[in-house]
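The exercises below ask you to read a structure element by element and to justify each step. Please look through the sequence and the coordinates before turning to the solutions.

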Amino acid sequence: MLDYRAEEQKEAPQGTSIHATAIIYKGAELDEGVSVGPRAVIGPKVKLGRNVVVGAGAVVEGKTTVGEGTHIYPMASIGSDPQDLKYRGEDTELIIGRNNRLREYVNISTGTVNGGGKTTLGDNNLIMVYSHIAHDCHIGSNCILANGVHLAGHVEVADFVVFGGMSGGHQFCRFGERAMIAAGAIVVQDVPPYCMVQGDRARISGLNVVGLRRSDLPKQRISDIKNMFKILFNENLTIEDAVSRMELEIPDSEQRRKFIDFLKRSERGVCR
């Protein structure tokens, strides 16, 4: 173990604060301004970016990179081995972006070889108490996972997605941009962009109108999204026929392309 404390304090990067009871393994890389709290543990393959904060009793292990300004709260477990019986100690990794808040008792696992070897988390996310992000998940930026959200392996979450407390995502499910998942929802199929779902074996409950208003999209783009929603969910069409209608009737835009591409890529089917 490498100890940055006491007589070895001169070895710590500039502005770094390491509590006397923290354990920093040899090989760990700490950038300027990192703060490590009491009894926190930083593993030998961990890289902590500038101004990262690791709270009391938190464990950051595995091949884990944490971006600038991220705050890991007390007792969180970041970079733990995948909860996958096929995992045999391979050198997989977890990559976390900037300015995330990972609250108490959050658990995020590294990836698996079969899943591409990486779990990733973007920037500016808030992951609340007791939430779990499993191996090979890919979470975008500006997302919120409320208390006790559980995402199984290989889940994909786009930007600005909001999960209500105690909701969950089945393996390989996908959540489109600005989707909103109600508290307690159990999601077993893909949730298209801008949509809201609720319930056990979640079903579509509407369009995320509030999220769209906050997006600063032009009114015409929001109107186009509403029309795509109606085509998909109100016209009793197959996914293929709904996509064909959208391509004919909805003007081309970034939002149309995202919506249609999401539907075309769906493998588990879409919540309806």
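## Exercise 1: A strand and its partners

In this predicted model, the side chains along strand 15 (residues 118–121) alternate, with Thr119 and Leu121 pointing to one face and buried, while Lys118 and Thr120 point to the other face and are not buried.

**Task.** Which strands pair with strand 15, in what sense, and over how many bridges?

**Solution.**

Step 1. Begin with strand 12, which pairs with strand 15 in the parallel sense over four bridges. Within this pair, Leu94 stands opposite Thr119 of strand 15, and Thr119 is one of the buried residues of that strand.

Step 2. Continue to strand 18, which runs parallel to strand 15 and is joined to it by two bridges. Here Leu121 stands opposite Ile139 of strand 18.

Step 3. Compare the alternation with the general expectation, which is that in a regular strand the side chains alternate between the two faces of the sheet.

## Exercise 2: Two open sheets

**Task.** Give the strand order of the open sheet of eight strands, and state which strands stand at its edges.

**Solution.**

Step 1. The order is 3-6-9-12-15-18-21-24, and the pairing is parallel.

Step 2. Strand 3 (29–30) and strand 24 (174–175) each have a single partner strand, so one side of each is left without a neighbour in the sheet, and these two are the edges.

Step 3. Further along the order, strand 18 (residues 138–139) and strand 21 (residues 156–157) run parallel and are joined by two bridges, with His138 placed opposite Glu156 of strand 21.

Step 4. For contrast, turn to the open sheet of nine strands, which has the order 2-5-8-11-14-17-20-23-26 and again parallel pairing. Its edge strands are strand 2 (23–24) and strand 26 (186–187), each of which pairs on one side only. Inside this sheet, two bridges join strand 8 (residues 59–60) to strand 11 (residues 77–80) in a parallel arrangement, and Val59 stands opposite Ser77 of strand 11.

## Exercise 3: The largest nonpolar core

**Task.** How many residues does the largest nonpolar core have, and which element gives the most to this core?

**Solution.**

Step 1. The core has 69 residues, and those with the most contacts inside it are Ile42, Leu48, Ile78, Phe175, Val187 and Met246.

Step 2. The elements that give two or more residues to this core include strand 12 (93–96), strand 27 (195–198), strand 28 (203–207), helix 2 (219–234), helix 3 (239–249) and helix 4 (254–265). Helix 2 gives the most, with seven residues.

Step 3. Take Leu48 as a worked case: leaving aside neighbours within four places in sequence, Leu48 is in contact with Glu29, Leu30, Asp31, Val34, Ile42, Val54, Val60 and Val66.

## Exercise 4: The faces of two helices

**Task.** Where do the buried residues of helix 3 and helix 4 lie around each helix axis?

**Solution.**

Step 1. In helix 3, Ile239, Ala242, Val243 and Met246 are buried. They cover an arc of only 100° around the axis, which puts them on the same side of helix 3. The face turned away from this buried side carries the exposed residues Glu240 and Leu248, whereas the buried residues pack against helix 2 and helix 4.

Step 2. In helix 4, the buried residues are Gln255, Arg256, Phe259, Ile260, Phe262 and Leu263. Seen down the axis, they fall within an arc of 155°, so they line one face of helix 4. Among the elements covering them are strand 24, helix 2 and helix 3.

Step 3. Check the geometry of helix 4: at 1.5 Å a residue, its 12 residues should span 16 Å, and the end C-alpha atoms are 16 Å apart, which agrees.

## Exercise 5: Cysteines

**Task.** How many disulfides are counted, and why do Cys143 and Cys195 form none?

**Solution.**

Step 1. With a cut-off of 2.5 Å between cysteine sulfur atoms, the count comes to zero disulfides.

Step 2. The closest cysteine sulfur to that of Cys143 is in Cys137, 12 Å away, too far for a bond. For Cys195, the closest cysteine sulfur is in Cys271 at 9.3 Å, again too far for a bond.

Step 3. Place Cys143 in its surroundings: it lies in the loop between strand 18 and strand 19 (144–145) and is buried, with a relative accessible area of 0%. Not counting residues up to four places away in sequence, Cys143 touches Asn124, Asn125, Leu126, Val157, Ala158, Asp159, Phe160 and Val161. Cys195 is also buried, with a relative accessible area of 0%.

Definitions and conventions. Residues numbered from 1 in each chain as written. Predicted model: local features only at pLDDT ≥ 70, side-chain atom pairs only at ≥ 80, totals over all residues. Heavy atoms only, no water. Pairing = 2+ DSSP bridges. Core = buried A, V, L, I, M, F, W, Y, C linked by side-chain atoms within 4.5 Å. Buried < 20%, exposed > 50% of the residue type's maximum accessible area, 1.4 Å probe, protein only. Contact = heavy atoms within 4.5 Å. Expected span 1.5 Å × (residues − 1). Arc of directions from axis to C-beta.
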